[in-house]
Amino acid sequence: AVQPTFGTRWLMPRLPRFLAAHRRIVVNFRNYTTRPTPLDFAAEDVDAAIMLEEGARPGIATHLLVADSRVPVCAPALMQGGRMASVAALAQHTLLQHSTRPRAWAEWLAMMGADGVDGFRGPRFHHHAMVAEAAAQGLGVALMPRFMVAEELAGGRLVVPFDRALDTGEGYVLAYPEASGGRPALRLFRDWLLAEAAGG
């Protein structure tokens, strides 16, 4: 199981390397969405999951892949004419919110000392991909993990107005039942993922 935007933006561009090295292994994917209760591997019939970490659980092994570190991003047009000269200028812009991180903007603004900007206002989106596209279309400023918008940043569809990241203290992890850790295919996939994560 994998969260859709992580799978699309981070995993899929790398996956050909794994498949080329392990041609006899087939990796099947299913959607993982954030939920109020932890993933039950037995009930959902998945061997492993890549997800935003849910905290330590007995019998579940987790390996950090990417830290959940977020920076503001917006369309270049929002930067024109000095319209984003200071953090205080964010009060004049729509803040695009991610529904699973309802306090992220407020925490980033507090870190920046921007007391006069309401970090809770703005439309909410459930998927990171929708937040990224809304920002690229000029609908407002988003607070995104940089790796999830690397393509838009490289292509100039998005820019970083303030290059100070909020470290949420969490991250995207590979999780699986400890009892499954010795399975050859899972072990190979885990080791490959950790090597990819170490490489940036």
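This text goes through the sheet of a predicted model, then the helices on it, its nonpolar cores and one buried arginine.

The sheet is open and has six strands, in the order S1-S6-S2-S5-S3-S4, with mixed pairing. Its edges are strand S1 (49-52) and strand S4 (124-125), each of which pairs on one side only. In general, strands of a sheet pair through backbone hydrogen bonds, in either a parallel or an antiparallel sense.

Strand S2 (residues 60-73) is a good place to start. Nine bridges connect S2 with strand S6 (residues 166-177), and the two pair in the antiparallel sense. Within this pairing, Val66 stands opposite Tyr172 of S6. S2 is also joined to strand S5 (residues 141-145), again running antiparallel, by four bridges. Here Val71 has Met144 in S5 as its bridge partner.

Moving from S6 to the edge strand S1, the reader finds four bridges between S1 and S6, which run antiparallel. Leu52 stands opposite Tyr172 in S6, and Tyr172 is also the residue that Val66 faces.

Two helices can now be added. Helix H3 (residues 104-112) packs on the sheet and touches S2, strand S3 (95-98), S5 and S6. The direction of H3 makes about 95° with that of S5. Helix H6 (residues 184-198) also packs on the sheet, where it touches S1, S2 and S6. Its direction makes about 30° with that of S2.

The largest nonpolar core contains 36 residues. Phe6, Trp10, Ile50, Leu65, Met144 and Leu193 are the members that touch the most others. Two or more residues of this core come from each of helix H1 (4-21), S1, S2, helix H4 (128-136), S5, S6 and H6. Ile50 shows how these parts meet: beyond its neighbours within four places in sequence, Ile50 is in contact with Ala1, Val2, Gln3, Phe6, Leu11, Leu65, Val173, Leu174 and Leu193. A second, separate core has 16 residues, including Val87, Leu95, Ala104 and Leu166.

Last comes Arg101, in the loop between S3 and H3. Why does Arg101 count as buried? Its relative accessible area is 14%, and the term applies because the cut-off for buried is under 20%. Not counting residues up to four places away in sequence, Arg101 touches Leu52, Asp68, Arg70, Thr168 and Glu170. Of these, Leu52 has already appeared as the residue opposite Tyr172 in S6.

Conventions. Residues numbered from 1 in each chain as written. Predicted model: local features only at pLDDT ≥ 70, side-chain atom pairs only at ≥ 80, totals over all residues. Heavy atoms only, no water. Pairing = 2+ DSSP bridges. Contact = heavy atoms within 4.5 Å. Axes fitted to C-alpha atoms, helices over the stretch in contact; angles between N-to-C directions. Core = buried A, V, L, I, M, F, W, Y, C linked by side-chain atoms within 4.5 Å. Buried < 20%, exposed > 50% of the residue type's maximum accessible area, 1.4 Å probe, protein only.
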